[in-house]
Amino acid sequence: MTAEHFLTPVYDAKSVKAWEQRWFELGNQSFGLMQQAALAMANTLKSRLKAGSRLCIWCGSGNNGGDGYLLGVYLSSWYQVHIYQVATPSSTDAIQAQQIAKNTLPITNHPVSADVHIDAMFGNGLMRPLSDAWCDVIEQFNAADGQKIAIDLPTGLHPDTGIPLPKCVSVDMTLCLMGYKAGLLMGHAKSHVGQIINHPLIPADNQLSPIASIDNTLPRLVRHTQHSHQHKGNYGSVMVVGGCATMGGAVIMSAEAAIKTGAGRVTVMTHPAHHAAILARSPNLMLGDIHHICPKQLSAMTAVCLGMGLGRDLWSERVFDEWLAALMDLPITVVLDADGLWHLGHDKYQGIRLPSHFIGTPHHAEAGRLLGISADTVESDRIAAIKALQHRYGGQWLLKGANSLTIDDQANVRICTLGNAAMATAGMGDVLSGMMAGILAQAPTTTIAAITALHAHCGDLLAKDSLVVDVNQMAVVANRLLAEF
C-alpha cells in the first residue's frame with residue numbers, strides 16, 4: 001500500500017492558454033493578471049534574494065517581457081534593477097508594462113553586470129525553433145555571471161516536451177505561472193530549470209484537465225510485529241529469472257533488492273554457472289535452473305521479474321519465449337526489464353496484449369526499440385511515448401530517465417521528480433526491478449509510481465555523499481525508509 005497521495009497536476013501549453021482565456025471571458029482583465037503574476041513573483045524573490053542585489057531583467061516583446069517589466073517595478077524598492085530590452089514590446093499588455101517601468105527603472109539595449117539575471121524573453125507560447133539571433137542571446141545570457149532565474153519557462157525550452165529549440169536558457173530557479181507545464185518536467189528540462197516554484201494565480205475550472213501528475217509519494221509497508229505467528233510466507237514469494245552463462249551479476253542485484261525490501265522468499269532462476277557465486281554471496285536466496293520451468297513452483301509465486309542479464313542470442317530468445325508463455329496466464333505480478341524488453345520487441349510479439357499486472361520498465365532506447373522509433377524521438381515527447389507503449393502492448397509501464405514516468409492500468413500518467421545524475425550507473429535498473437517485485441509481492445496494490453519514487457529517493461540520499469551512487473546500498477536505504485512508517 002502507499003501513504004496518502006498528494007498529486008500535483010501538470011498541463012500542456014494549450015490547456016493553460018485556454019484556461020487563461022476562459023478567465024478573461026469572465027470579465028477579468030489580462031493586464032490585471034500580469035500585475036498579479038509580477039506581484040506574486042516579487043514576493044517570492046524578496047524572500048530569497050539578498051537585499052540591495054543588482055538585478056538585470058532580460059525582457060522580450062510579448063507578455064513574458066511584460067511580466068519582467070512589472071516585476072522590475074515591484075522589486076525596485078529592495079534591489080538595484082536594470083531592464084535589458086532584448087526586443088521591442090509588441091503585445092498591448094507588454095507595451096503598458098514597459099510604459100510603467102520607464103518611470104521607475106533604467107532601460108537599456110544591452111545587458112549589464114548583475115548579481116541576478118532574470119529571463120523574461122519568452123514564456124509559455126514558444127513552440128517554434130529560435131532564430132540564430134535568439135540563440136546568440138541565449139548563449140549571452142548563459143555566459144553572464146550571477147544567479148539565473150526564469151519567468152514561467154526558460155527561454156528556448158519547449159513548453160510540452162522539454163526539448164531545447166534548439167538552445168535553451170539554463171537557470172537556478174524557474175518561477176512557474178498558473179500551473180506546472182509538462183515541458184518543465186520532460187526531456188532535457190532537469191538540466192535547465194533549476195528549482196521550480198509554482199504561482200497558481202487563478203482557480204482551476206471544470207474544463208481544465210491535466211495530462212499528468214507529479215507523484216513523489218513513497219510506499220508504505222506494514223509489518224504486524226506484534227503478531228508472533230507471522231512467517232516468511234506472509235510476505236510474498238519472488239522469482240527472479242535471468243542471467244545467461246556470461247552475465248550473472250544482474251540477477252544477483254535484482255534478487256538481493258527484492259529480499260532487502262521485505263519479500264519473504266526469493267528464488268533465482270538462472271544459468272547453473274552462477275549458482276556457486278550466488279550461494280557464496282547470498283545464502284538466503286533460493287536457486288533454480290533457468291532451463292526448468294516448474295508450473296507448481298511458479299504458480300506459488302506472488303511476483304516475478306524477468307530479463308535481467310538474459311542475453312540476446314538464440315538461447316536467450318528461446319528461454320524468454322518459454323518463460324513468457326508460462327507467465328501470461330498466471331495472475332502474478334510480472335516485471336519485464338532489460339533483455340526481456342529486447343526480446344519483447346521482436347516482430348513475433350507485435351500484437352501481444354500484456355495483462356494489467358505486467359509491468360515494463362524500459363529506458364528511452366529500449367522504449368524506442370519497442371515502438372520502432374529512435375531513442376531521440378522517445379525523448380522528444382516522453383508522455384506520448386509511454387502512452388504509445390501501453391496502447392501497443394497493454395500492461396503498465398515505467399519509462400526511466402530524468403523525471404521518470406509511469407502509466408498505470410487506468411492510463412494515469414505520473415511524473416517522479418526525484419532522482420539525480422549520480423544514479424546513472426550499471427545495475428541501477430536491475431535493483432529497481434527487484435525492488436518493484438519485492439514490494440508488489442507483499443503489497444500488490446502499491447502503485448508503480450510509489451516504488452519509482454522510493455527508488456529515486458534512495459538515490460538522492462546516497463548521492464549526498466558520493467559522485468556515483470552505490471547500487472548495492474539502494475535496497476538497504478529502501479529497507480530503512482520503509483521501516484520508518
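The exercises below, each with a worked solution, concern a predicted model.

**Exercise 1. Describe how helix α2 packs against helix α3, giving the angle, the axis distance, the handedness and the residues in contact.**

Solution. Begin with the geometry that describes any such pair: two packed helices are characterised by the angle between their axes and by the distance between those axes. For helix α2 (residues 30-46) and helix α3 (residues 63-75), the packing angle is about 50° and the axes are 8 Å apart. Because this angle falls in none of the ranges for roughly parallel, roughly antiparallel or roughly perpendicular, α2 is oblique to α3. The next step is the handedness, and here α2 passes α3 in a right-handed crossing. Turning to the residues, the α2 side of the contact includes Phe-31, Met-34, Leu-39, Met-41 and Leu-45, while the α3 side includes Leu-70, Leu-71, Tyr-74 and Leu-75. Sorted by class, the contact of α2 with α3 holds twelve nonpolar, three polar and two charged residues.

**Exercise 2. Carry out the corresponding analysis for helix α11 and helix α13.**

Solution. The axes of helix α11 (residues 364-371) and α13 come within 10 Å and cross at roughly 45°, and α11 and α13 are therefore oblique to each other. Their crossing is left-handed. On the α11 side the contact is made by Ala-367, Leu-370 and Leu-371, and on the α13 side by Ala-385, Ala-388, Leu-389, Arg-392 and Tyr-393. By class, the contact of α11 with α13 has seven nonpolar residues, no polar ones and one charged residue.

**Exercise 3. Place Ile-383 in the structure, and decide whether Ile-383 is buried or exposed.**

Solution. Ile-383 belongs to helix α13 (residues 382-393). Its relative accessible area is 7%, and since buried means under 20%, Ile-383 counts as buried. Once neighbours within four places in sequence are set aside, Ile-383 is in contact with Ala-182, Met-186, Ile-211, Ala-212 and Leu-405. As a further reference point, Ile-383 and Ala-94 are 289 residues apart in sequence and 33 Å apart in space, C-alpha to C-alpha.

**Exercise 4. How many disulfides does the structure hold, and what surrounds Cys-176 and Cys-458 in terms of cysteine sulfurs and burial?**

Solution. The structure holds zero disulfides. For Cys-176, the nearest cysteine sulfur is that of Cys-168, at 14 Å; because a disulfide requires two cysteine sulfur atoms within 2.5 Å, Cys-176 is in no disulfide. Cys-176 is also buried, with a relative accessible area of 0%. For Cys-458, which is likewise in no disulfide, the nearest cysteine sulfur is that of Cys-416, at 11 Å. Cys-458 is buried, with a relative accessible area of 0%.

**Exercise 5. Examine the backbone at Pro-166, Leu-201 and Ala-338, and state where each residue lies.**

Solution. Start from the general expectation that most residues other than glycine have a negative phi and that most peptide bonds are trans. The peptide bond from Leu-165 to Pro-166 is cis, with omega near -10°, and Pro-166 lies in the loop between β6 (147-151) and β7 (173-177). Leu-201, a residue other than glycine, has a positive phi near 75°; its place is in the loop between β9 (195-199) and β10 (212-214), where Leu-201 is buried with a relative accessible area of 18%. Ala-338, although not a glycine, has a positive phi of about 50°. Ala-338 lies in the loop between β15 (333-336) and α10 (339-344), and at 17% relative accessibility Ala-338 counts as buried.

Conventions. Residues are numbered from 1 along each chain as its sequence is written. This is a predicted model: local features need pLDDT of at least 70, side-chain atom pairs count only at pLDDT 80 or more; totals for chains, interfaces and linings use all residues. Side-chain values use heavy atoms; hydrogens and water are left out. Axes are lines fitted to C-alpha atoms, for helices over the stretch in contact, and angles run from 0 to 180 degrees between N-to-C directions. Helices (H or I, at least four residues) and strands (E, at least two) are DSSP runs, numbered from the N terminus. Angles under 35 degrees count as roughly parallel, over 145 as roughly antiparallel, 65 to 115 as roughly perpendicular and the rest as oblique. A crossing is left-handed if the near helix is turned anticlockwise from the far one by less than a right angle, and right-handed if clockwise. Contact means heavy atoms within 4.5 Å. Ala, Val, Leu, Ile, Met, Phe, Trp, Tyr, Cys and Pro count as nonpolar, Asp, Glu, Lys and Arg as charged, and the others, Gly among them, as polar. Buried means under 20% relative accessible area, exposed over 50%, partly exposed in between (1.4 Å probe, protein chains only).
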